Amino acid sequence: MSEKTEHESQDNRSAGTPRLRAALESVPSYKPGRPAAAGGPVSYKLSSNENPYPPLPGVLESVTEAAASFNRYPDLACSALLAELAERFDVPVSHLASGTGSVGIAQQLIQSTAGPGDEVIYAWRSFEAYPIITRISGATAVEVPLTAAEEHDLDAMADAITERTRLIFVCNPNNPTGVAIPREELERFLDRVPADVLVVLDEAYREFVRDERVADGIDIYRDRPNVCVLRTFSKAYGLAGLRVGFAVAHEPVAAALRKTAVPFGVSQLAQDAAVASLRSEAALLERVGALVEERTRVGRELRAQGWTVPESQANFVWLRLGERTSAFAEAAEAAGVTVRGFAGEGVRVSIGETAANDIFVQVAAGFRKEM
C-alpha cells in the first residue's frame, strides 16, 4: 500500500462511525408512562402501574441505614434476600435468582436460551419489553394475537411452536389487558409444550389476583422443570425505583440466570428494602386489598357507562379505543391524569389514589357520551 493510500484509508476509518449490530435497527424503544404534567391542574400519574402508597413500614429505615455504606459493593449473591424468599415460598435457595426487576431477569433468560435463528413466542399485545429484549438477542419474535376477549390464545401459541422455539413468555395477568389465565387452561397449554422449551410465567402482578381459578405459578413450577416464574418488588411492594425482582426455576435455569446476571446489579439498598418489605406482609395485604377494591369500583363504574372492560386481575384497567386512543389520553391529561396510551389500540390506566381514579372515571364518562 502506498503512503498516500494508507493515509486515505486511515482518514476514512477515523471519519466513519463504529459498526453496530444490524439487529438493533429492528429494536423498538421502550416507552415509559408519561409523568404527571407540571403547571396545570392537580396531576396524577396513572401511566406506569406504580403503587401510589409510600414505602411499607420499616423499608425507608432499612434503605437509610444501607445508604451509609453505599461506598461498598452490594452482596453479589443477594444472600439475605434469597434466604428470605426461600423461606417465604418454600423453595430451595438454588432455585432462586435475583435481578434488576423482573424485566432484567427476562432479558437474562433470553440471553441464556435464544440467539440468531431461534424463536421466542409471546402474546401480543403483551408486555412491551418482550419484543425489545428478544430482538436485542438476535432471536426472532413470534407474536400471537390476543383473542377478541383480550385473552392469551393458548391454542394458537402452542400451534406456533417449531423446532426453533426456545422460550415462551406468558404474562399472567397480562399487561396491558389485565386478564389472567385459569389454571386448567394454563396446564393444558403447558402439556403441549416440548420439555426442552422454557416457559416463563411473568407474574409481576400476582399479588393483585383474586380469581381463585388462576393458579400461583410457583405451585406449577414445582413439577415442571421447563417452567420459570418471574416476580417483582416494583408493583405491589412499591419498590419500582429500586429495581429488584426474582425468578423461581429449577437448578439449570436458575444457574444460567446467575451466570448471565450483571455483577452487583441489585444494589444493597434494593436488597435490604426487599427483605424489609417481605417482613411487612400485614401492611402489604392491607394496601393491596384497598387497591383491589378500587379496581373493582372503577371497573364497575366504567361498565355502567357502557364500556367493555376486561376483568382485570392486576392493578390497572384496559380500554380498547382503536383510533381514538390518543384523543382519550389527551383528554385525561387535560383533566389532570396521565394514562398509558398504545397508539391505535387502547389505554391502560393504573389504579391509583381515589381522587385520581375519580378523575379518570369522569373523563371516561364524558368521552363515552361523545362516541
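**Backbone exceptions and a helix crossing**

In this predicted model, D90 is located in the loop that runs between α3 (79–89) and β2 (96–99). Although D90 is not a glycine, its phi is positive, at about 55°, and with a relative accessible area of 62% the residue is exposed. A positive phi of about 60° is likewise found at F264, which is not a glycine either, and this residue belongs to the loop between α9 (251–260) and α10 (268–278). F264 has a relative accessible area of 35% and is therefore classed as partly exposed, since that class lies between the limits of 20% and 50%. Most residues other than glycine have a negative phi, and most peptide bonds are trans.

Departures from the trans form occur at two peptide bonds, among them the cis bond that joins W124 and R125, with omega about 15°; R125 is found in the loop between β3 (119–124) and α5 (129–136). A cis peptide bond also joins N175 and P176, where omega is about 25°, and P176 lies in the loop that links β5 (165–171) and α7 (183–192).

Turning to helix packing, the axes of α12 (residues 325–335) and α13 (residues 354–370) come within 10 Å and cross at roughly 135°, and the two helices are therefore oblique to each other. The crossing of α12 and α13 is right-handed. On the α12 side the contact involves A327, F328, A331, A332 and A335, which meet I359, F360, V363, A364 and F367 of α13. By class, this contact of α12 with α13 comprises 10 nonpolar residues, with no polar and no charged residues.

Methods: Residues are numbered from 1 along each chain as its sequence is written. This is a predicted model: local features need pLDDT of at least 70, side-chain atom pairs count only at pLDDT 80 or more; totals for chains, interfaces and linings use all residues. Side-chain values use heavy atoms; hydrogens and water are left out. Axes are lines fitted to C-alpha atoms, for helices over the stretch in contact, and angles run from 0 to 180 degrees between N-to-C directions. Helices (H or I, at least four residues) and strands (E, at least two) are DSSP runs, numbered from the N terminus. Angles under 35 degrees count as roughly parallel, over 145 as roughly antiparallel, 65 to 115 as roughly perpendicular and the rest as oblique. A crossing is left-handed if the near helix is turned anticlockwise from the far one by less than a right angle, and right-handed if clockwise. Contact means heavy atoms within 4.5 Å. Ala, Val, Leu, Ile, Met, Phe, Trp, Tyr, Cys and Pro count as nonpolar, Asp, Glu, Lys and Arg as charged, and the others, Gly among them, as polar. Buried means under 20% relative accessible area, exposed over 50%, partly exposed in between (1.4 Å probe, protein chains only).
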